[in-house]
2 protein chains.
Amino acid sequence: MKYKLLENPNIEEMYDLIEEGLRKKAMINVFCCCKVIYEGRALSQLDFGERMILLKPDGSFLIHQERKVDPVNWQPPKSRTRTFIKDNTLFLESHRRSPKERLEVEIKKTHFVNYVLVEDYQELEIAGYEKDMGDMIMKHPHMIEEGFKPTDREYSTEHGFIDILGKDKEGNLMVLELKCRKAGINAVKQIRRYLTDFKEEENSNLENTGNEKKKVRGLLVAPSIGEDARELLEEENIEFKSIDPPKELKNDKKVTLDIF
Amino acid sequence: MKYKLLENPNIEEMYDLIEEGLRKKAMINVFCCCKVIYEGRALSQLDFGERMILLKPDGSFLIHQERKVDPVNWQPPKSRTRTFIKDNTLFLESHRRSPKERLEVEIKKTHFVNYVLVEDYQELEIAGYEKDMGDMIMKHPHMIEEGFKPTDREYSTEHGFIDILGKDKEGNLMVLELKCRKAGINAVKQIRRYLTDFKEEENSNLENTGNEKKKVRGLLVAPSIGEDARELLEEENIEFKSIDPPKELKNDKKVTLDIF
DNA sequence: GTGTTGATGTCGGAC
DNA sequence: GTCCGACGTCAACAC
């Protein structure tokens with residue numbers, strides 16, 4: 001089951017659902033009246049009130065009040081969450097090893113609780129660094145290889161945006177994925193998804209037109225690449241080009257600002 | 001009604017529920033597959049994936065992925081949220097006036113959506129940071145050393161605010177810089193800047209008045225100090241006093257008792 | 001409003 | 001691990 005939800009659960013139901021969610025590494029969401037105690041780098045307490053609690057599969061633990069972007073209390077990723085019942089009351093507890101920190105949530109009344117098995121393979125693309133790299137390649141396509149001609153930027157597909165689309169000197173389609181830092185396995189998976197799309201298209205074109213076969217080349221562009229990423233890359237017949245991102249424009253700007 | 005919840009809603013149902021939640025200033029929670037575009041101080045895009053969206057009555061807008069404490073995209077309090085349907089697709093949009101920022105969420109598939117009218121009158125009581133440390137020292141100056149008398153708090157200088165200014169039992173000026181965590185090299189540099197100011201002043205006073213020379217002592221107060229910081233400290237003849245920040249809540253559980 | 005500073009900052013990268 | 005810098009930092013407070 002992809003998700004599970006309970007309205008006005010009793011303590012045992014709620015305990016079971018949260019335990020199940022934790023076991024399955026789901027996102028768990030609790031709307032309840034609770035009291036919170038935190039001990040660690042600082043010390044805090046928050047008396048009973050209605051809040052939203054969010055437990056993430058990476059161990060993150062967030063308690064949100066009705067205002068502000070930041071959670072009122074939280075624990076970082078890799079914290080360990082535990083549930084227990086004491087005096088007919090459900091508690092959530094989160095421990096962090098180092099620095100030693102503890103979060104304790106006493107739950108009085110729950111409106112509803114749910115967990116969801118989340119599928120999210122996308123990473124945030126933020127303009128700035130990577131954008132600069134794209135700008136540079138659009139301006140100097142020979143950096144990729146002789147005869148490379150970029151045709152599209154941020155080309156939209158069903159699986160997401162392709163950073164740069166172009167053709168090599170033979171006329172083969174090239175799908176470029178840019179990373180401004182060391183490329184990980186996710187970068188390779190990403191480019192693989194794009195390629196799947198294009199290869200399907202390519203095959204149907206072939207059937208229709210009988211043209212001579214053009215290849216679709218996947219090319220990962222990054223300053224370096226991780227070991228696991230390299231493996232998948234070779235397996236999938238994707239190419240890799242090592243290019244450093246253009247030297248920081250941000251710093252230059254900041255220096256200028258500091259001067260004034 | 002205190003809350004409302006829909007599983008697998010269709011677009012119109014979802015639109016209505018969110019509009020109702022916005023009108024009633026509720027906390028709104030959406031578990032869905034969505035795509036996010038942000039334009040403002042930076043520029044970002046996040047392709048389709050499953051996430052949790054949280055809209056708060058103060059205008060805050062959070063999009064949480066399955067990892068990290070921080071939301072992947074967000075808008076701050078006082079942003080204005082708008083919903084609209086285009087091409088049979090539901091969009092959430094959030095505008096901020098200044099700086100001009102826009103967040104656009106395209107929703108593909110929603111697992112469930114709910115709103116809750118939250119009642120939370122409590123504020124976080126927190127202890128263990130720099131202000132508490134300053135309070136403690138002002139209240140118990142002997143913690144620094146016998147005969148220490150603080151004279152000013154947040155004393156303004158050309159280079160910034162001195163946390164605590166005072167005099168030792170000999171009448172020498174003391175410049176205290178407080179850190180509630182392990183002090184790094186920056187803390188030492190900071191105190192060094194303040195000292196430079198005072199020593200210049202001291203010298204000009206000497207010339208003018210011919211008074212006997214009083215020293216200016218710099219004192220870094222922190223629970224501990226890093227190695228590089230220690231080096232610069234000794235080089236600059238700045239002193240160090242190890243003090244842990246107080247971790248006592250002011251109204252220690254009294255609030256709870258008062259309520260009953 | 002603009003500006004400055006502290007924070008359980010968080011997060012990522014380098015050593 | 002620890003240290004160091006960047007961040008759409010956020011949020012509180014002063015001016």
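## Where the two chains pair up

Strand S3 (residues 43-55) of chain A runs antiparallel to S9(B), and the two pair over three bridges. Within that pairing, Ser44(A) sits opposite Ile126(B) of S9(B). Keep in mind that this is a predicted model.

## The rest of the protein interface

Zooming out, 62 residues of chain B touch 57 residues of chain A. About 5300 Å² gets buried between chain B and chain A, with carbon and sulfur atoms giving 58% of that area.

On the polar side, there are 27 residue pairs in polar contact between chain B and chain A, counting pairs with both residues at pLDDT 80 or more. Several elements of chain B each supply at least two residues to the side that touches chain A, including strand S1 (3-7), strand S2 (27-39), strand S8 (101-116) and helix H5 (254-259). The top contributor on that side is S3(B), with eleven residues. By class, the chain B side splits into 26 nonpolar, 16 polar and 20 charged residues. Four salt bridges link chain B and chain A; one of them joins the side chains of Glu50(A) and Lys2(B), at 3.0 Å from N to O.

## Around DNA strand C

DNA strand C has 16 residues around it, and the closest are Arg41(A), Trp74(A), Val69(B), Tyr129(B) and Arg181(B). Of the strand C atoms that come within 4 Å of the protein, 80% belong to sugar and phosphate. Sorted by class, the nearby surface has eight nonpolar, one polar and seven charged residues.

What does the side chain of Asn73(A) approach with an N or O atom? A base oxygen of DNA strand C, at 2.9 Å. The backbone gets two contacts worth a look: a phosphate oxygen is 2.4 Å from a side-chain N or O atom of Trp74(A), and a phosphate oxygen is 2.9 Å from a polar backbone atom of Glu130(B).

## Around DNA strand D

For DNA strand D there are 17 surrounding residues, with Val69(A), Trp74(B), Gln75(B), Lys182(B) and Asp228(B) coming nearest. Sugar and phosphate make up 74% of the strand D atoms within 4 Å of the protein.

As for bases, a base nitrogen of DNA strand D is 3.3 Å from a side-chain N or O atom of Tyr38(B), while a base oxygen lies 3.0 Å from a polar side-chain atom of Asn73(B). Lys182(B) goes for a phosphate oxygen instead, with a polar side-chain atom at 2.9 Å. Helix H5 (249-259) of chain A and strand S5 (73-75) of chain B are the elements giving two or more residues to this surface, which has six nonpolar, three polar and eight charged residues.

Methods: Residues are numbered from 1 along each chain as its sequence is written. Chains are lettered from A and ligands numbered from 1 in the order in which they are written. This is a predicted model: local features need pLDDT of at least 70, side-chain atom pairs count only at pLDDT 80 or more; totals for chains, interfaces and linings use all residues. Side-chain values use heavy atoms; hydrogens and water are left out. A residue is near a molecule or strand if one of its heavy atoms lies within 4 Å of it. A polar contact is a pair of N or O atoms within 3.5 Å; within protein, one must be able to donate a hydrogen and the other to accept it, and residues adjacent in sequence count only if both atoms are side-chain atoms. Ala, Val, Leu, Ile, Met, Phe, Trp, Tyr, Cys and Pro count as nonpolar, Asp, Glu, Lys and Arg as charged, and the others, Gly among them, as polar. Helices (H or I, at least four residues) and strands (E, at least two) are DSSP runs, numbered from the N terminus. Contact means heavy atoms within 4.5 Å. Buried area is the accessible area (1.4 Å probe) that two parts lose on being put together, summed over both. Two strands pair if DSSP finds at least two bridges between them.
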